[in-house]
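Q: I would like to learn how to read a structure feature by feature, starting from turns and strands and ending with the chain as a whole. Could we go through it together?

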Amino acid sequence: LKKVSWRFNLILLIVLLLSVSLLFQLFYVIPYIQSEKIEEERNQLEDAAQNIAVFLTTKIEKSLEDLRVMSGDSEFFDMDPVEQSAKLRRYLELVPLTSIFAMDSEGWFVSSSQVDISAWQTKAYPEIDTFRIPYDEGEIWFGNPSSYFEGTQVRASFSVPVISASDETVGVMTSGVYLNEYIDWVNGYSLEEGMEAYVVDPRGIVIAHTGIDLFALEEGPLSLNYSD
């Protein structure tokens with residue numbers, strides 16, 4: 001009887017140790033490993049998002065700085081249309097901007113890098129944000145990305161105030177950049193298997209996506225909305 005009891009106690013002890021070990025694995029080790037994996041994946045995604053954000057910010061800020069430099073040229077202070085248009089066309093050969101426009105203090109389009117802007121010169125536009133925010137508030141204006149040329153191009157516009165040597169706001173300069181290059185760069189960004197990254201504008205419209213060819217969407221590249 002004592003021999004049986006000894007064996008029974010040993011088996012009971014082994015079962016108890018195995019149970020404790022199993023519970024330890026179940027309630028501590030496995031959740032710890034899972035949480036470590038989740039944290040590692042989160043860090044990888046955060047790094048990817050940060051890298052993409054820095055790349056896009058640097059590119060956009062460079063384009064914005066190009067426009068600021070142009071707006072500081074003395075030829076834009078007196079709003080001479082002929083001199084300005086010639087200067088803007090020369091600038092456009094040097095910087096990766098789209099068409100550049102200059103507006104006077106009343107919101108009239110005065111000059112442009114385009115040859116003919118007569119369609120824009122039938123009235124003034126003092127009420128549009130493109131003009132109002134830079135001129136009245138002295139702030140940089142950014143427009144929402146828009147699709148052009150039957151969905152083959154995505155463009156973002158921005159405007160800056162034209163400030164004279166006497167520190168007086170005398171007009172507004174507006175331009176933009178095509179985002180296709182940046183979209184392609186995001187699409188090709190290297191991520192771990194199963195991970196995706198995407199860029200959205202303030203409306204929640206998807207501008208770039210690593211897992212979806214936005215230009216292949218039936219309704220166009222800016223038809224995907226993640227605002228929810």
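Q: Which residue takes a positive phi in the hairpin of S5 and S6, and how many residues lie between the strands?
A: Bear in mind that this is a predicted model. In the hairpin of S5 and S6, Asp167 is the residue with a positive phi, near 65 degrees, and five residues lie between the strands. The two strands pair in the antiparallel sense over nine bridges, and within that ladder Ala156 stands opposite Val177 in S6.

Q: Is Ser164, in the loop between S5 and S6, buried or exposed?
A: The loop residue Ser164 has a relative accessibility of 13%, and because the cut-off for burial is under 20%, Ser164 counts as buried. Its side chain makes a polar contact of 3.0 Å with the side chain of Ser166, and, leaving aside neighbours within four places in sequence, Ser164 is in contact with Phe77 and Val170.

Q: What else pairs with S5, and in which sense, parallel or antiparallel?
A: A general idea helps when reading any such strand: in a regular strand the side chains alternate between the two faces of the sheet. Here, S3 pairs with S5 in the antiparallel sense over two bridges, with Phe142 opposite Phe158 in S5. Strand S4, residues 146-148, also runs antiparallel to S5 and is joined to it by three bridges, with Ser147 opposite Val154 in S5. S4 and S5 form a hairpin with four residues between them, and Phe149 in that turn has a positive phi of about 55 degrees.

Q: Why can S5 be described as largely enclosed by the rest of the structure?
A: The description rests on a count of burial: nine of the 11 residues of S5 are buried, so the strand is largely enclosed by the rest of the structure.

Q: How should I read a helix, and which residues of H3 are buried?
A: The general idea is that an α-helix has 3.6 residues a turn, so residues three or four places apart point the same way. In H3 the buried residues are Thr130, Phe131, Ile133 and Pro134, and these pack against strand S1 (101-104), strand S3 (141-142), S5 and S6. Just after H3, Gly138 takes a positive phi of about 70 degrees.

Q: Which residues have the most contacts inside the largest nonpolar core?
A: In soluble globular proteins, nonpolar side chains tend to be buried together. The largest nonpolar core of this model has 33 residues, and those with the most contacts inside it are Met70, Ile100, Met173 and Leu179. Two or more residues each come from helix H1 (2-71), helix H2 (81-92), strand S5 (153-163), strand S6 (169-178), helix H4 (180-187) and strand S8 (206-209), the largest share, eight residues, being that of H1. Apart from this core lies another, of seven residues, among them Met103, Tyr125, Phe131 and Val172. To follow a single residue, take Met173: leaving aside neighbours within four places in sequence, its contacts include Leu67, Met70, Phe76, Ile100, Phe158 and Val162.

Q: Is Lys87, in helix H2, buried or exposed?
A: Lys87 is buried, with a relative accessible area of 17%. Not counting residues up to four places away in sequence, Lys87 touches Asp73, Glu75 and Phe76.

Q: How many aromatic pairs does a search of the whole structure find, and how is one of them read?
A: The search finds 12 aromatic pairs. One of them, formed by Phe109 and Trp120, is tilted, with 5.2 Å centre to centre and 55 degrees between the planes. Phe109 lies in strand S2 and Trp120 in the loop between S2 and helix H3, so the pair ties together parts that are 11 residues apart in sequence. Phe109 is buried at 7% relative accessible area, whereas Trp120 is partly exposed at 40%. The rings of Trp185 and Tyr189 have their centres 5.4 Å apart and their planes at 65 degrees, so that pair is edge-to-face. Ring pairs link Phe55, Tyr182, Trp185 and Tyr189 into a cluster.

Q: How many helices and strands does the protein chain have?
A: The protein chain has four helices and eight strands, and 36% of its 228 residues count as buried. About 14400 Å² is exposed, with carbon and sulfur atoms supplying 56% of it.

Methods
Residues are numbered from 1 along each chain as its sequence is written. This is a predicted model: local features need pLDDT of at least 70, side-chain atom pairs count only at pLDDT 80 or more; totals for chains, interfaces and linings use all residues. Side-chain values use heavy atoms; hydrogens and water are left out. A nonpolar core is a set of buried Ala, Val, Leu, Ile, Met, Phe, Trp, Tyr and Cys residues joined through side-chain atoms within 4.5 Å. Buried means under 20% relative accessible area, exposed over 50%, partly exposed in between (1.4 Å probe, protein chains only). Contact means heavy atoms within 4.5 Å. A polar contact is a pair of N or O atoms within 3.5 Å; within protein, one must be able to donate a hydrogen and the other to accept it, and residues adjacent in sequence count only if both atoms are side-chain atoms. Accessible areas come from the Shrake-Rupley method with a 1.4 Å probe; for residues, only the protein chains shown count as cover. Rings of Phe, Tyr and Trp (its six-membered ring) pair if their centres lie within 6.5 Å; planes under 30 degrees apart count as stacked, over 60 as edge-to-face and the rest as tilted. Two strands pair if DSSP finds at least two bridges between them.
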